[in-house]
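Trainee: Please take one part of this model and examine it closely. I should like to follow a single buried position outwards, through its contacts, to the helices around it.

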Amino acid sequence: MTYSESELEQIERFASIYLKISDIAIILDIPAETLRYDISQRDTPVSKAYNRGKVSAKVKLRHQEMQLAQVGSPLALENTQKNLLDMEDDE
């Protein structure tokens with residue numbers, strides 16, 4: 001399916017607040033299965049928009065968690081250590 005720039009922007013924005021694909025599909029008035037399939041095709045504009053939105057929110061959360069770790073939050077310290085190990089495993 002071809003998506004307009006407006007739809008791609010909406011998908012990115014909704015993904016950045018972790019809205020489910022089925023809910024995004026309702027807002028865009030398209031079948032959830034179609035949107036889900038299109039997102040699964042990694043090189044499509046819709047997949048890139050969805051993943052960009054999701055990852056941008058993840059960046060914000062990681063940044064906040066790092067700030068909490070820097071002031072000594074035990075849970076944040078544990079999570080940032082896990083994030084570092086995950087990062088190094090991915091290298």
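Mentor: A helix here is a DSSP run of H or I that spans at least four residues, and helices are numbered from the N terminus. In that numbering, isoleucine 21 is found in helix H2. The model is predicted, and what follows should be read with that in mind.

Let us begin with isoleucine 21 itself. A residue counts as buried when its relative accessible area is under 20%. Isoleucine 21 has a relative accessibility of 14%, and therefore counts as buried. Which residues does isoleucine 21 contact, leaving aside its neighbours within four places in sequence? They are Ala32, Leu35, Arg36, Ile39 and Tyr50. Of these, arginine 36 illustrates how the fold brings positions together: isoleucine 21 and arginine 36 are 15 residues apart in sequence, while their C-alpha atoms are 6.5 Å apart in space.

Several of these partners belong to the contact between H2 and H3. On the H2 side, Ile21, Ser22, Ile24 and Ala25 take part, and they meet Ala32, Leu35, Arg36 and Ile39 in H3. Two packed helices are described by the angle between their axes and the distance between the axes. For H2 and H3, the axes come within 8 Å and cross at roughly 115 degrees. The crossing of these two helices is right-handed.

The loops on either side of H2 each hold a residue with a notable backbone angle. Tyrosine 18 lies in the loop between H1 and H2. The phi angle of tyrosine 18 is near 60 degrees, a positive value in a residue other than glycine. Tyrosine 18 is partly exposed, because its relative accessibility is 44% and the partly exposed range runs between 20% and 50%. Aspartate 29 is found in the loop between H2 and H3, and it too has a positive phi, of about 60 degrees, although it is not a glycine. Aspartate 29 counts as exposed, because its relative accessibility of 69% is over the 50% cut-off.

From H2 we may turn to the nonpolar core. The largest such core has 16 residues, and those that touch the most other members are Tyr3, Ile11, Ile24, Leu35, Val46 and Tyr50. H1, H2 (21-28), H3 (32-40) and H4 each supply at least two residues of this core. Isoleucine 11 shows how these members come together: not counting residues up to four places away in sequence, it touches Tyr3, Ile24, Leu28, Leu35, Val46 and Tyr50.

Val46 and Tyr50 also appear where H1 meets H4. There, Leu8, Ile11, Glu12 and Ala15 in H1 contact Pro45, Val46, Ala49, Tyr50, Arg52, Gly53 and Lys54 in H4. H1 and H4 pack at an angle of about 30 degrees, with their axes 6 Å apart. Angles under 35 degrees count as roughly parallel, and H1 and H4 are therefore roughly parallel to each other. The crossing in which H1 passes H4 is right-handed.

Charged side chains take part in this contact as well. Arginine 52 and glutamate 12 form a salt bridge, with N and O 3.0 Å apart. The pair links distant parts of the chain, since arginine 52 is in H4 (residues 45-70) and glutamate 12 is in H1 (residues 5-15), 40 residues apart. Both partners are partly exposed: arginine 52 has a relative accessible area of 45%, and glutamate 12 has one of 25%.

The model holds two salt bridges. The other joins lysine 82 to aspartate 86, whose closest N and O atoms are 2.9 Å apart. Here both residues lie in helix H5 (residues 74-89), four residues apart, about one turn of the helix. Lysine 82 is partly exposed, at 48%, and aspartate 86 is likewise partly exposed, at 35%.

Leucine 68 offers a further view of H4, the helix in which it lies. With a relative accessible area of 47%, leucine 68 is partly exposed. Not counting residues up to four places away in sequence, leucine 68 touches Ser73 and Ala76. Its C-alpha atom is 36 Å from that of serine 6, and the two residues are 62 residues apart in sequence.

Notes. Residues are numbered from 1 along each chain as its sequence is written. This is a predicted model: local features need pLDDT of at least 70, side-chain atom pairs count only at pLDDT 80 or more; totals for chains, interfaces and linings use all residues. Side-chain values use heavy atoms; hydrogens and water are left out. A salt bridge is a side-chain nitrogen of Lys or Arg within 4 Å of a carboxyl oxygen of Asp or Glu. Buried means under 20% relative accessible area, exposed over 50%, partly exposed in between (1.4 Å probe, protein chains only). A nonpolar core is a set of buried Ala, Val, Leu, Ile, Met, Phe, Trp, Tyr and Cys residues joined through side-chain atoms within 4.5 Å. Contact means heavy atoms within 4.5 Å. Axes are lines fitted to C-alpha atoms, for helices over the stretch in contact, and angles run from 0 to 180 degrees between N-to-C directions. Angles under 35 degrees count as roughly parallel, over 145 as roughly antiparallel, 65 to 115 as roughly perpendicular and the rest as oblique. A crossing is left-handed if the near helix is turned anticlockwise from the far one by less than a right angle, and right-handed if clockwise.
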